[in-house]
Amino acid sequence: SGKFTVLASGFDEDLSGDGAALPIRADARMAGATLAAGEEADWALGPGRHAYLVSAKGEIEVNGVTLNARDGAAIKDETTIKVRALSDAEIVLVDTP
């Protein structure tokens with residue numbers, strides 16, 4: 001709760017240790033977060049990377065834009081994705097080239 005967790009990844013650094021991600025054969029990461037109302041989580045988006053973010057449950061604010069439950073956002077040209085839960089929320093994020 002309160003931060004993004006990598007669930008699946010094509011990057012070696014995400015595939016070992018406690019809470020290791022499921023391996024995928026792609027230059028990508030899939031992450032999830034569970035946020036209580038008022039909590040915030042950040043995701044660093046590397047140069048040339050894109051993200052697709054969905055609020056599976058709850059209302060959130062993403063870099064100042066409000067999303068309702070089941071809304072999605074395609075994100076590019078950002079270095080950090082800042083998510084704030086306006087209500088209890090479950091979020092899925094995919095980070096791709």
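In which strand is Leu93 found? In this predicted model, Leu93 belongs to strand 10, a stretch that covers residues 89–96 and also holds Val92. These two residues make a friendly starting point for a tour of the structure.

Leu93 has a relative accessible area of 0% and is therefore buried, since that value lies under 20%. Beyond its neighbours within four places in sequence, Leu93 is in contact with Phe4, Arg29, Met30, Ala31, Trp43, Tyr52, Leu53 and Ile81. One of these partners, Ala31, lies 62 residues away along the chain, yet the C-alpha atoms of Leu93 and Ala31 are separated by 5.1 Å.

Val92 is partly exposed, because its relative accessible area is 33%. On the surface, Val92 joins Leu7 and Met30 in a nonpolar patch of about 210 Å². Met30 thus appears in two settings: as a member of this patch and among the contacts of Leu93.

Attention now turns to a sheet. Four strands form an open sheet in the order 4-9-6-7, with antiparallel pairing. Strand 4 (40–44) and strand 7 (65–67) are at the edges; each has a single partner strand, so one side of each is left without a neighbour in the sheet. On average, and with direction ignored, neighbouring strands of this sheet are turned by 25° against each other.

Within this arrangement, strand 6 (residues 60–62) and strand 9 (residues 80–85) run antiparallel and are joined by 3 bridges. Val62 stands opposite Val83, a residue of strand 9. In general, the strands of a sheet pair through backbone hydrogen bonds, in either a parallel or an antiparallel manner.

Key: Residues are numbered from 1 along each chain as its sequence is written. This is a predicted model: local features need pLDDT of at least 70, side-chain atom pairs count only at pLDDT 80 or more; totals for chains, interfaces and linings use all residues. Side-chain values use heavy atoms; hydrogens and water are left out. Patches are made of residues with over 30% relative accessible area and no salt bridge: like charges are joined within 9 Å, nonpolar side chains (Val, Leu, Ile, Met, Phe, Trp, Tyr) within 5 Å. Accessible areas come from the Shrake-Rupley method with a 1.4 Å probe; for residues, only the protein chains shown count as cover. A salt bridge is a side-chain nitrogen of Lys or Arg within 4 Å of a carboxyl oxygen of Asp or Glu. Helices (H or I, at least four residues) and strands (E, at least two) are DSSP runs, numbered from the N terminus. Buried means under 20% relative accessible area, exposed over 50%, partly exposed in between (1.4 Å probe, protein chains only). Two strands pair if DSSP finds at least two bridges between them. Axes are lines fitted to C-alpha atoms, for helices over the stretch in contact, and angles run from 0 to 180 degrees between N-to-C directions. Contact means heavy atoms within 4.5 Å.
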